[in-house]
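Me: Could you take a close look at one strand for me, including what pairs with it and how covered it is? I would also like a word on the cysteines.

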Amino acid sequence: MQDPNEDTNWNDVLRDFGIIPPKKEEKDETEEMVLEMQKVAAVKPYERMTLPGLKNAEDTLHEDDERAIEMYRQQRIKELKALQNTQMYGELIEISGNQYVKEVTNAKEDVWVVIHLYRSCIPMCALLNNYLAILAKKFPETKFLKAVVDSCIYKYQDTCLPILSAYRNGQIKGMFLGIDQCGGPNATPEELEWMLTEVGAVKSDLEEDPRKKFVDLMMSSVKRSSIHRTKDD
């Protein structure tokens with residue numbers, strides 16, 4: 001079968017009588033290149049600039065462009081901050097005592113830092129480290145750290161461990177000392193999450209203290225036992 005787009009006298013006759021469709025026009029490569037260059041030129045230069053580039057270009061642009069530059073700058077600043085907040089941490093990091101000031105006291109502005117001072121031989125410390133590793137993944141915007149207590153405090157007593165502290169802008173916002181204050185040996189990750197939520201270190205989606213359900217259950221059990229004893233009497 002003959003190609004209807006072939007450039008022959010016979011095809012020209014068939015086109016004149018409307019038997020075959022008109023020949024498809026091939027686009028000129030030069031024309032396509034010109035069109036592409038026009039598209040690129042139509043894009044405002046500040047849309048491809050970095051933040052420093054936007055700052056340097058202010059003096060050479062018109063008033064309308066300056067307003068657009070400011071809009072793009074604010075948008076990019078928001079995007080950068082959002083990226084930093086969501087991808088900053090995400091794991092429980094081990095530090096030594098000589099890193100304490102840098103990583104905790106002098107941490108980035110407005111960043112919450114949760115640090116656990118522990119000894120690995122104490123079961124409650126090992127439990128907290130496991131839970132904090134879970135919470136670090138759940139709340140990557142919070143900086144979770146751990147350090148062996150001996151590298152920070154000389155000859156600290158086992159009876160006062162674990163030590164769990166929450167810092168913000170170099171200030172202690174919450175501290176939990178010893179097994180009981182850290183939730184007890186039967187603590188759950190949710191209970192630890194709620195404790196850190198109460199001091200502001202994390203933004204939890206828990207609606208109430210998980211310990212409340214246990215307390216309500218215990219109170220209900222006590223009431224039932226009291227009723228049974230009264231009937232027996």
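Reply: Happy to! Let's start with one contact: Leu92 has Phe144 as its bridge partner in strand 3. Please keep in mind that this is a predicted model. Leu92 belongs to strand 1, residues 92-94, and this strand pairs with strand 3 in the parallel sense over three bridges.

Strand 3 has another partner to look at. Strand 2, residues 112-118, runs parallel to strand 3, and six bridges join the two. Within that pairing, His116 is matched with Lys146 of strand 3. To get from strand 2 to strand 3, the chain passes through helix 6, residues 123-138, in a β-α-β crossover that is right-handed.

How covered is strand 3, which spans residues 143-148? Five of its six residues are buried, so the strand counts as mostly covered. As a general point, side chains in a regular strand alternate between the two faces of the sheet.

Now to the cysteines. The structure holds zero disulfides. Cys182 is in no disulfide, and the nearest cysteine sulfur, that of Cys125, is 8.1 Å away. A disulfide would need the two sulfur atoms within 2.5 Å, so this pair does not qualify. Is Cys182 buried or exposed? Cys182 counts as buried because its relative accessibility is 1%, and the cut-off for buried is under 20%. Cys152, on the other hand, has a relative accessible area of 30%, so Cys152 is partly exposed.

Conventions: Residues are numbered from 1 along each chain as its sequence is written. This is a predicted model: local features need pLDDT of at least 70, side-chain atom pairs count only at pLDDT 80 or more; totals for chains, interfaces and linings use all residues. Side-chain values use heavy atoms; hydrogens and water are left out. Buried means under 20% relative accessible area, exposed over 50%, partly exposed in between (1.4 Å probe, protein chains only). Helices (H or I, at least four residues) and strands (E, at least two) are DSSP runs, numbered from the N terminus. Two strands pair if DSSP finds at least two bridges between them. A crossover is right-handed if, with the strands pointing away from the viewer, the path from the first strand over the helix to the second runs clockwise.
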